[in-house]
Amino acid sequence: MSRPGRAAWLWLVAWAAPRRLRAAILGDLEEEWRQRAERLGHATADAWLRGQALRSLRPLLSIRSARTADTRHPSSPARRTAVMGNFLQDLRFTGRLLGRAPAFVLLVVLTIGLGIAANTVVFSVVDGVVLNPFPFPEPDRLVGVGSAYPRIGEELGFWENLSPAEFVDVRDGARTLERVVAWDMGHRQVSVEGRSENLFSAFWWGDAFPTLGVTPVEGRGFSAVELEEGARVAILSHRVWTERFGADPSLVGAPIHVNGEPYTLVGVMPRRTLIYGTDLWLPMPIAPEAYARDRRQFQLLARLAPGATLQDVNAELDVLARRVEGLHGPEIPSYEGWAMRAMTWTDVNVRTMRLAAFILLGAVGFVLLLVCTNVAGLLLGRAAGRRRELAVRMALGAGRGRIVRQLLTESVALAVIGGVVGVGLGWVGVGAVTAAMSTMAIPIPGEVSMSGRVLAFSALVALGAGLLFGILPALQAVRSDVRGTLQAEGATHTGSRGRLRVQRLLVAVEVAVALVLLTGGGLLIHSFLRVRAVDPGFRAENVLTMRLTLARERYPAERMEPFFRELADRVAQLPGVSGSAVASQLPPNVFTRQTFQVEGMAPRSQEDLPSAFTTIASPDYFETLGIPLVRGRTLARSDVEDGPPVAVVNQAAADRWFPGVDPVGRRLAVGGEQWFEVVGVVGNTRNTGAEAAPAPEIFASTRQLPRSWNQLFLLVRTRGAPYGVLGGVRDVVRSLDPEQPVYAIRTIEEAYAESQAQRRVATTALTLFGGFALLLAALGIYAVASQAVAQRTREIGLRVALGARRGQVLRLVVRQSLLPVLLGGLAGVAGALMVGSFLRGLLFEVGSVDGPTLGTVVLLLAGVAFLACWIPARRAARLDPMTALEAGR
Amino acid sequence: MSRGEHLGEFEQIVLLAVARLGRDGYGVTVRQEIQERTGRAVAVGAVYATLDRLEGKGLVASFEGQPTSERGGRARRHFHLLPAGARALDASRRMLAAMWDGVELA
């Protein structure tokens, strides 16, 4: 035992001892501990001290000084020991009572525990992922600036949305913003002491550290001169530094290579400092002025100036945008009606997770409500069964206050145990969720942990619930008429109507809440099934994909295409591989879009040109993915750089720009320069995700545009498990270039699943909560029905004795117990109709009022409710009339 | 002797320990004296609860000594037997002796 451990035991003794003796007792303990520690060692002395402390508590608390026996005086030691004695007595009594009803205790503790665990997990996740994902101080003053260009159909975006000139406009023109920085992003190959990694990188104009409000954990940030000159210095993210370079502090200051060029690593970012997941920061080597005004591939970060609010910023950004439109609108049409919008950096990142987060919070709030109702019902029921016992105790002289305190002690004890169980379960749950999240590619550096706030919240809920649940039954118990209760022959019949009414009301609430949650879960499951059933338009299973970026410093343009061609050809020869191809993008994450011109269509003004997703693919792309050919032919190996340029369009592009005509043989100018002849039409794929309609897409061959792409995806169609071939693929890459990293390794099926992370989280959680709610409602209904049967045992016995048939008894009980279910059900249906519109953002091909879902849920609930009252009803119907009439005597 | 002035077994043991220790009686020595003679490892809290009760009955008296460092700067509380305590012990012994008189246990 440590020194603090000893102090704790001594403190316990000091607390129990009367003030007059405290110093003497503590002195004795300390003196004797020293003697023992010297002779027998600390461990033995500590054990002795522990034993002494524990065994001394009771005698010390029982000390009643003859001289200060006035227990009414609150400050007298006697008064305190009396209160403590009572409390201990209450606790002991509680322990014995609860020990006699283990099933009841288990039920209450589990109910509270699961409710608190669900709350703990959800609050931890929402706090860590949505409310507070970043470690930056004053997060509500750190803003990103997004922009929208309605003229070219660009909605508000915060990713590659602003040009260098626009950054300068904001930096120099906006007085409501300060520390404005901008960055570009791309992949860089980093070699440190012979280890090569491909890292997603950010290139900065301006010092991001003061903007974010953090400082490097190792080394330093960029100096003003380095930023100005675009010096060859680099900063690593904390996660890469620890996970891949063993948190080696000697790396700072070490020479490294970035795309083969010598750099110096000058610092390491603090933990969780991830700006769009960039792991390597470099100064931007080119000045903003060197870029065209509409080269929009940058992002902006800034701090609100002192005294400025987001509204001020947005008002000023509007003025700025209008000024730019006036100055440059004539030469750059996309400026017409454009807008800039500032949003907190947290909002920028978690916008997409918000909906799921608030659905979870709402659902878990309902679960908590349900837990409270359920426990209240259980305790009420239990108090009913103890009316006689309490009446006897009051008749024997127990004060009402004493009885109330005893009942409160019981419920608070239950709540505290439930709270402890809940926090334990919650802790396990948080761990499980963290593990699950790491596999779900949630685009947030947020950490999920049980914060003090969450724990405090849980403790508060547990205690509050205990007091709340305890007070009602306690008051009801002491208000009752002692003599009446004791005299009542039926033992429990009198005065129980009111309580049963309260319990039925609680059941109605439970049913309503369960119905709402189940409907929400049902709608999401229905949507999820619809999404799963979507045909991607190709064979999405068994395709492994990965990305390779060739460093431009090491690969001159003419060597890039041969590398990728050789790679795909060799991988295709591997055992277990049935095909291989490379492409600049692939479903479900097609993102590069270009404007083009259709030959023969009246060339309208520049900004009205149609745009489509344009993909550069190797000839085997369509066969590897299993995309069907509709007309003409696909890209061929014979389409080479010197031959006539050809393109393939998908059905969506054909329908959009060649309605009613055969596109084969027509020509397109992609990017406005070269003319491509359309040689074929292929089937649509769900190229931007399972939930979006197939978008028009144009394909050109890597062989005809060999110099344009240094960054391509490798697609591998496998015969068996996709990851089985990864080792072989890596060997091929290594044999071609030992220093070339591969990254972003995953299957296409995983990519589709990741695009549905939010949907899956919401669906899983709401379904779990709905199931929990159903269980709680069933328990509530069962409890009330059982109790109704127990209370009417004599009456039922009488009825049976007088000739009532069992079926009649059964109906009587079921009918009575189902009435609150019906009422709750009606209220629940009203709520369920509203929950759909709340969930609309996550519904897919399912209306917010979905007949089949609601019907299923109502039937399920009705079935469970019926079962829950049928079991006690059957018990009632089987009562032997003689036993029933004897009951309670 | 009224009912409240009967000594319980543990009260007798504690009183006897105080009597045996004379001027040296305080918590630690009383506890150790009892443990050595009876083999019972008693809790310091139980000793004090009894001493407090005995003091309340006017059978022992106590006074505070000097604080010492090996006690963490806390003072000892010394206990000594009062004449009433000696009489009560004597009465207990006589009562027991009277009860034992002529008893032979097999």
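Two exercises with worked solutions follow, on a predicted model. Residues are numbered from 1 along each chain as its sequence is written, and side-chain values use heavy atoms without hydrogens and water. Local features need pLDDT of at least 70, and side-chain atom pairs count only at pLDDT 80 or more, whereas totals for chains, interfaces and linings use all residues.

**Exercise 1.** Determine how many residues of chain A are in contact with chain B, and which elements of chain A they come from.

*Solution.*
1. With contact taken as heavy atoms within 4.5 Å, 25 residues of chain A meet 25 residues of chain B.
2. Two elements of chain A, α2 (19-40) and α3 (42-62), give two or more residues to this side; helices are DSSP runs (H or I, at least four residues).
3. The most, 15 residues, come from α2(A).
4. There are 7 salt bridges between chain A and chain B, each a side-chain nitrogen of Lys or Arg within 4 Å of a carboxyl oxygen of Asp or Glu.
5. In one of them, Arg31(B) pairs with Glu32(A), with the closest N and O atoms 2.6 Å apart.

**Exercise 2.** Identify the element that supplies the largest share of the largest nonpolar core.

*Solution.*
1. A nonpolar core joins buried (under 20% relative accessible area, 1.4 Å probe, protein chains only) Ala, Val, Leu, Ile, Met, Phe, Trp, Tyr and Cys residues through side-chain atoms within 4.5 Å.
2. The largest core has 77 residues, and Phe104(A) and Leu414(A) are among those touching the most other members.
3. The largest share, 15 residues, belongs to α11(A).
4. Beyond its neighbours within four places in sequence, Phe104(A) contacts Leu378(A), Leu379(A), Arg382(A) and Leu414(A).

Definitions and conventions
Chains lettered and ligands numbered in written order. Buried < 20%, exposed > 50% of the residue type's maximum accessible area, 1.4 Å probe, protein only.
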